[in-house]
Amino acid sequence: MRKILISILFVAAFTSYVCAGERVNLWPEGKMPNAEAHQSIPTYEVCVPENKTSDSCVIVFPGGGYNGCCDQHEGIQISNFYNSKGITAVIVRYRVPRPKNVAKHVTAWQDAQRAVRTVRSQAEKLGINPEKIGCTGFSAGGHLTLMTSTTSQTPAYAPVDEIDKVPCHVNFAIPVYPAYVLEDGADGPNAGKGNDSTMVPDFAFDAKTPPMCLIHGDMDVYSPMGSITVYHKLRTMNIPAEMHIYANVHHGFGGIRGTSHVSAWLDRVYAWMTVMGF
């Protein structure tokens, strides 16, 4: 289990909002690409707010090093926050642990593209705008958020049914302390703090790359220079971007709320979404 390095004590909130949606398999039986027996079955869970006031939807990718799923503070608590704001959330529990026959993120990336297509195909049923679908993720899930948002024009798998005819781009993205962004740190903490490293080739930054709001702590072992590099790339493409790097903050704070300055990061994201029209 991934260690969560937090320099302060947080107090949990949003206990009155609990997602009780059904966990639905992402793939038809026997049609999952690159299936490996040791991996979990990927699912999605739609979390509908009690008082729905928005036609946006946020797809949530918890972290866990592509080896596990930090389901509570990077999944359920995040969906609870968006639900408290009247926004529909969808928690995606992608395949873990890492695959043995392809790169660490490939099966999760396939699950992510499938999840976006599935949500968009159900937009009318869910009462959401198919062009107001965003994604957010944490650590490895932050890397997956970048994969999902920058490479939607690159198919991660061959189509298996009608859902795969639906576009898999997202309209906004919120990578939170993304891991594995730089070559120094492509599969773990940044040995050189990421100060003089280039970006990994995982991200295409294609024509459908959306606006982003990046969140990071400046004492993270997965260097905030990764988020800074992504921000710089977006700005060179004239794609709107916002970034918050919090002083004296380590990795893994997720959605747990408290009195520290970093515990307000979700409010900053909500304000950004409001300004951007999402």
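**Figure 1. Overall dimensions of the protein chain in the predicted model.** For a chain of 278 residues, a compact globule would have a radius of gyration near 19 Å; the protein chain has 17 Å, which agrees with that expectation. The C-alpha trace spans about 45 × 45 × 40 Å along its principal axes. Of the 278 residues, 58% are buried.

**Figure 2. Helices and strands of the protein chain.** The protein chain contains six helices and eight strands. Read from the N terminus, the order of the elements is β-β-β-α-β-α-α-β-α-β-β-α-β-α. How many of the contacts between residues at least 6 apart in sequence join residues at least 24 apart? The share of such contacts in the protein chain is 79%.

**Figure 3. Surface and charges of the protein chain.** About 11400 Å² of the protein chain is exposed, and carbon and sulfur atoms supply 54% of this area. The side chains include 23 positive and 24 negative ones. The centres of these two sets lie 1 Å apart.

**Figure 4. Confidence along the protein chain, with a view of residues 1-17.** The mean pLDDT of the protein chain is 93. A pLDDT of 70 or more is reached by 93% of the residues. Over residues 1-17, pLDDT stays under 50. The model has 45 contacts beyond four places in sequence for residues 1-17.

**Figure 5. Close-up of Asp71, in the loop between strand S3 and helix H1.** Strand S3 covers residues 57-61 and helix H1 covers residues 72-84, with Asp71 in the loop between them. Is Asp71 buried or exposed? Asp71 has a relative accessible area of 16%, and buried means under 20%, so Asp71 is buried. Leaving out residues up to four places away in sequence, Asp71 touches Arg23, Ile76, Ile91 and Arg93.

**Figure 6. Close-up of Gly63, a residue of the loop between S3 and H1.** Gly63 is placed in the loop between S3 and H1. The relative accessible area of Gly63 is 0%, so Gly63 is buried. How far apart are Gly63 and Pro189 in sequence and in space? Gly63 and Pro189 are separated by 126 residues in sequence, and their C-alpha atoms are 14 Å apart in space.

Key. Residues are numbered from 1 along each chain as its sequence is written. This is a predicted model: local features need pLDDT of at least 70, side-chain atom pairs count only at pLDDT 80 or more; totals for chains, interfaces and linings use all residues. Side-chain values use heavy atoms; hydrogens and water are left out. Helices (H or I, at least four residues) and strands (E, at least two) are DSSP runs, numbered from the N terminus. The radius of gyration is taken over C-alpha atoms; the globule rule is 2.2 Å times the number of residues to the power 0.38. Buried means under 20% relative accessible area, exposed over 50%, partly exposed in between (1.4 Å probe, protein chains only). Contact means heavy atoms within 4.5 Å. Accessible areas come from the Shrake-Rupley method with a 1.4 Å probe; for residues, only the protein chains shown count as cover. Lys and Arg count as positive and Asp and Glu as negative; His and the chain ends are not counted. The place of a charge is taken as NZ of Lys, CZ of Arg, CG of Asp or CD of Glu. pLDDT is the predictor's confidence in each residue, from 0 to 100.
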